[in-house]
Amino acid sequence: MAGAARKKAMETLGKSMTEEVQRWGCMKQNGVSLRYMMEFGSKPSLRNLLISAQFLHKELPIRIARRVMDLETLPYGLSHKPAVLKVRDWYLDSFRDLRLFPEIKDPNDETEFTQMIKAIKVRHNNVVPMMALGVQQLKKGLDPNVDYDALDEIHEFLDRFYMSRIGIRMLIGQHVELQNPNPPPHCVGCIHTKMSPLEVARDASEDARSVCFREYGSAPDIDIYGDPNFTFPYVPAHLHLMVFELVKNSLRAVQERYLDSDKVAPPVRIIVADGIEDVTIKVSDEGGGIRRSGLPKIFTYLYSTAKNPLDEHDDLGTADTATMAGYGYGIPISRLYARYFGGDLQIISMEGYGTDAYLHLSRLGDSQEPLP
């Protein structure tokens, strides 16, 4: 784009940024399904990549503008916390980048656009820990006797916000991955058309075990049951993240329960079942369970007792904390990942014995993205 034209566009946008965000935030979002992404991406021709870029050029500003509007209207003064303002600025910068990008007409435009959305994805890498920090900043200033049920609005906002983030990152990741001249076998973008849930569960479990080893010096065994030949289309990165989170929690519970015991810690068991509609992965442990009164809290963002790995004094721009460990968001965010493609996550506990987590993944792949 010619320098002068871009400069002029910048000036106009600067003046009317608020109006522009409002205007785009009121437009209708267009959800896509896993099946559609798979079919569309199975032949990544130049024409298809162009269509995909043109779709994102219009869709991403709508989704991002909605989040900016949300971030500016949060209750209890959360909108004014430094960490939340930082997140809002990231979203505003990305909105501005997208709106300043001219119409995409040919493969050169498409290549440039792809580089830009790659940069947007990186810019938003730390959104989750940064929002967690904002919530911490809010909690510090709240009356300790405040009834957390009154903070439902914040939970609902965070659910919407993180669900939208999953969608935005999936769309960008899918488009970028379709450019790969040598995609791995059976992969369409980020989607593996013949993913073995058993294999992903095994990898995720090993990763969770090494975290446990690092923290405690030892880790319970993990037994995995299921058909090693069974495959179905899914996004392996999403499944890895969910199983890792569930197994990590189970290992921690078992490890802490048997820390001072002479007994051998019982293994964590993973069962992969393939149904007609759902693939279900069950993670069972004998880590003592969760009190019934505490169960609703595991899906919220305000109760974590662990310290946020991003500290107030870190350089908030560069802190490399793309992990979800340590601020208690693993479970609620895993449930959003499951729901993103029409699945769900349920946790059932027997206090005094252990916990079973059921991760349901939709096999049909044709549920639309749940657009907040």
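1. The lining of the second largest cavity divides into four nonpolar, no polar and three charged residues. (Nonpolar covers Ala, Val, Leu, Ile, Met, Phe, Trp, Tyr, Cys and Pro; charged covers Asp, Glu, Lys and Arg; the others, Gly among them, are polar.) The lining residues are Val-211, Cys-212, Glu-215, Tyr-216, Lys-248, Leu-251 and Arg-252. Helices H8 (197–216) and H9 (236–257) each supply at least two of them. H8 gives the largest share, four residues. The volume is about 40 Å³. A cavity here is a set of points on a 1 Å grid, over the protein atoms alone, where a 1.4 Å probe fits but cannot get out; lining residues have an atom within 4 Å of a point. The volume is the space filled by probe spheres set on the points, which are joined across faces, edges and corners.

2. A word on the basis. This is a predicted model, in which local features need pLDDT of at least 70 and side-chain atom pairs count only at pLDDT 80 or more, while totals for chains, interfaces and linings use all residues. Residues are numbered from 1 along each chain as its sequence is written, and side-chain values use heavy atoms, with hydrogens and water left out. Helices (H or I, at least four residues) and strands (E, at least two) are DSSP runs, numbered from the N terminus.

3. How many cavities of 30 Å³ or more does a search of the whole structure find? The search finds three. The largest holds about 70 Å³ of space. Its lining is made of Tyr-91, Ile-120, Lys-121, His-124, Arg-165, Ile-168, Arg-169 and Ile-172. H5 and H7 (152–177) each supply at least two residues of this lining. H7 gives the most, with four residues. By class, the lining has four nonpolar residues, one polar and three charged.

4. Next, H3 against H4. The axes of H3 and H4 (residues 82–100) come within 9 Å and cross at roughly 155°. (Axes are lines fitted to C-alpha atoms, for helices over the stretch in contact, and angles run from 0 to 180 degrees between N-to-C directions.) H3 is therefore roughly antiparallel to H4. (Angles over 145 degrees count as roughly antiparallel, under 35 as roughly parallel, 65 to 115 as roughly perpendicular and the rest as oblique.) The crossing is left-handed, that is, the near helix is turned anticlockwise from the far one by less than a right angle; clockwise would be right-handed.

5. Which residues meet at the H3–H4 contact? From H3 come His-57, Leu-60, Pro-61, Ile-64, Ala-65, Arg-67, Val-68 and Leu-71. From H4 come Val-84, Val-87, Arg-88, Tyr-91, Leu-92, Ser-94, Phe-95, Leu-98 and Arg-99. Contact means heavy atoms within 4.5 Å. The contact has 12 nonpolar, two polar and three charged residues. Tyr-91 of H4 takes part in this contact and also lines the largest cavity.

6. H3 (residues 46–71) also packs with H5 (residues 107–123), at an angle of about 50° and with axes 10 Å apart. That angle is why H3 is oblique to H5. This crossing is left-handed. On the H3 side stand Leu-49, Leu-50, Ala-53, Leu-56, His-57 and Leu-60; on the H5 side, Pro-107, Glu-110, Phe-113 and Ile-117. Eight of these residues are nonpolar, one is polar and one is charged. His-57 and Leu-60 serve H5 here and H4 in the contact above.

7. H7 and H10 (residues 330–340) have axes that come within 10 Å and cross at roughly 55°. H7 is therefore oblique to H10. The crossing is right-handed. H7 brings Asp-159, Tyr-162, Met-163, Ile-166, Gly-167 and Met-170; H10 brings Ile-333, Leu-336, Tyr-337, Arg-339 and Tyr-340. The classes are eight nonpolar, one polar and two charged.

8. Last, Gln-368. This residue sits in the segment after strand S8 (354–362). Gln-368 and Gly-31 are 337 residues apart in sequence, yet 5.9 Å apart in space, C-alpha to C-alpha. Leaving out residues up to four places away in sequence, Gln-368 touches Gly-31, Val-32, Ser-33 and Tyr-340. Tyr-340 is also one of the H10 residues in the contact with H7.

Conventions:
On a 1 Å grid over the protein atoms alone, a cavity is a set of points where a 1.4 Å probe fits but cannot get out, and a pocket is an open set with protein on both sides within 12 Å along at least five of seven lines; lining residues have an atom within 4 Å of a point.
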